[in-house]
Every structure is written in C-alpha cells, then in structure tokens.
Amino acid sequence: MNHEIIRVATPADLQLVRQLDLAVFGAEAYNEQQWNSEFGEASVAIWVALAAEKAVGFCSAAIAGDDCEIRKIGVLPEHRRFGVAKQLLNSASDLAATLLMRNARCLIDVAANNTGALAFYARLGFKEIARRKRYYANGDDAILMQKI
Ligand SMILES: CC(C)(COP(=O)(O)OP(=O)(O)OC[C@H]1O[C@@H](n2cnc3c(N)ncnc32)[C@H](O)[C@@H]1OP(=O)(O)O)[C@@H](O)C(=O)NCCC(=O)NCCS
C-alpha cells in the first residue's frame, strides 16, 4: 500500500482517535474524558495515519522531562504490516528530536505478553532496558524499551 499520510491530530479529531483506540484496544481504550485530557495536555502530541482518506492508525507521545514517551500506538488490524506504525513512530521521533536534544531517550512500556508489539519495537531499534513487575492493572509485567 504505502499511500498513508501522517498528520497531527487536533482536538477536532477527538472522536476519530477515540474510535481508532476502541477498534484497536477494546476495553483498554481511553474513555472520552481521558482523550480530552490528552488533547488538552501541552506536552502530548497525537498523530493519525490516513489511507485513502480513511483513518487507519494513531499514535500519542508525551515529552516527560528529557524523555519522549510513546503512550499509545495502534493500527486497524486490516491495515497492519504495511509500515503504518513505523511511519507514525517516525513522526514521534522527529518531534522528539526537534523538541529535545538529539540524544534524548525515546521510551515505551510494552506488555510482556504483547509479542507483536515487542517484535515491532525491536525491528525499529528499541531494546529492553528494564522490566516492571505487575505494572498493568491486570497484573501483567511491562517491558521498558528504549530506542538505541
Ligand atoms: C504493533 C502495531 C502498532 C504494529 O503496526 P503495523 O502498522 O502493523 O507495523 P509496521 O507495518 O510498521 O511494522 C514494521 C515492522 O515491525 C515488525 N512487526 C510489526 N508487527 C509485527 C508482528 N505482529 N509480529 C512480528 N513483527 C512485527 C515487522 O518487522 C514489520 O516489518 P515487515 O512487515 O516488513 O516485516 C500493530 O500490530 C497494532 O496496532 N497492534 C495492537 C496494538 C498494540 O499492541 N500497540 C502497541 C502497544 S505498546
């Protein structure tokens, strides 16, 4: 495919992003209030990926001190493995490099059992730097990964 357009999401995209979040993360999606606060937070940036004008993926990232933290990234199942998430992550990395020093850390917490996401981040140059026991509400461990 590879005709995706990545653009910055604005508060007018709140419902669009929420629908994508729901479609990808189901019960773990943020509610409307949480997305409202993400869109209202100056340190958070959100992007959407469009394919043939349809929204197919999203990514949110936050500047936390000297670090860039990827908060969420998701692509609709039927649009996976076409490089959409890679492009979204590149947008987040570009912003981090612009706002922060080039050697700022880019971090992500991934559920230890999310093998697809772990493979994705590893492919894009992220390495495990720590494991957080029972990090998630359901008791799952998180693996903290950093872009090397
Ligand atoms: C993880 C996710 C965002 C990847 O999105 P994507 O658009 O399919 O990823 P890309 O096409 O950009 O993948 C780039 C490379 O990463 C690797 N990769 C991506 N998904 C993978 C998977 N499920 N298994 C193994 N490798 C994978 C591949 O090397 C891929 O390149 P290739 O297709 O040429 O082999 C997507 O699977 C998703 O939305 N998952 C559910 C939500 C989620 O778990 N988000 C992460 C939470 S931390």
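**Stop 1: the two domains**

Start by colouring residues 1-102 as domain 1 and residues 104-148 as domain 2; their centres, taken over C-alpha atoms, are 17 Å apart. Keep in mind that you're looking at a predicted model.

Now find where the two domains meet. Domain 1 puts 12 residues into the contact, and domain 2 puts in 8. On the domain 1 side, select strand E4 (67-75) and helix H3 (84-99), the elements that each give two or more residues to the side touching domain 2. H3 has the largest share there, with 5 residues. What mix of nonpolar, polar and charged residues does this side of domain 1 have? You'll find 7 nonpolar, 1 polar and 4 charged ones.

**Stop 2: around the ligand**

Next, click on the ligand and show the 19 residues around it. Those that come nearest are Arg80, Ala85, Lys86, Gly116 and Ala119. Both domains take part, each supplying at least three residues of this shell.

Which element gives the most to the shell? Select helix H4 (115-123): H4 supplies 5 residues. E4, H3 and strand E5 (105-111) also provide at least two residues each. Colour the shell by class and you get 11 nonpolar, 4 polar and 4 charged residues.

**Stop 3: strands in domain 2**

Stay with E5 and add strand E7 (residues 142-147): the two pair in the antiparallel sense over 5 bridges. To see one partnership, pick Asp109 and look across to Leu144 in E7.

Then bring in strand E6 (residues 126-132), which runs antiparallel to E7 and is joined to E7 by 6 bridges. Here, pick Glu128 and look for its bridge partner in E7, Met145.

**Stop 4: the largest nonpolar core**

Time to go inside. The largest nonpolar core has 31 residues, and those touching the most other members are Val17, Trp47, Phe58, Cys59, Ala85, Leu88 and Ala92. You've already met Ala85, one of the residues that come nearest to the ligand.

Which elements give two or more residues to this core? Select helix H1 (14-25), strand E2 (44-51), strand E3 (54-64), E4, H3, E5, H4 and E7. H3 gives the most, with 6 residues. The core draws at least three residues from each of domain 1 and domain 2.

**Last stop: Val17**

Finish by zooming in on Val17. Leave aside its neighbours within four places in sequence, and Val17 is in contact with Ala9, Trp35, Ile46, Val48 and Phe58. Phe58 should look familiar: like Val17, Phe58 is among the core residues that touch the most other members.

How values were computed
Residues numbered from 1 in each chain as written. Predicted model: local features only at pLDDT ≥ 70, side-chain atom pairs only at ≥ 80, totals over all residues. Domains from an automatic or database assignment. Contact = placed C-beta atoms within 7 Å. Helix = DSSP H or I, 4+ residues; strand = E, 2+ residues; numbered from the N terminus. Nonpolar A, V, L, I, M, F, W, Y, C, P; charged D, E, K, R; others polar. Near = placed C-beta within 6 Å. Pairing = 2+ DSSP bridges. Core = buried A, V, L, I, M, F, W, Y, C linked by C-beta atoms within 7 Å. Buried ≥ 20, exposed ≤ 12 C-beta atoms within 10 Å, placed from the backbone.
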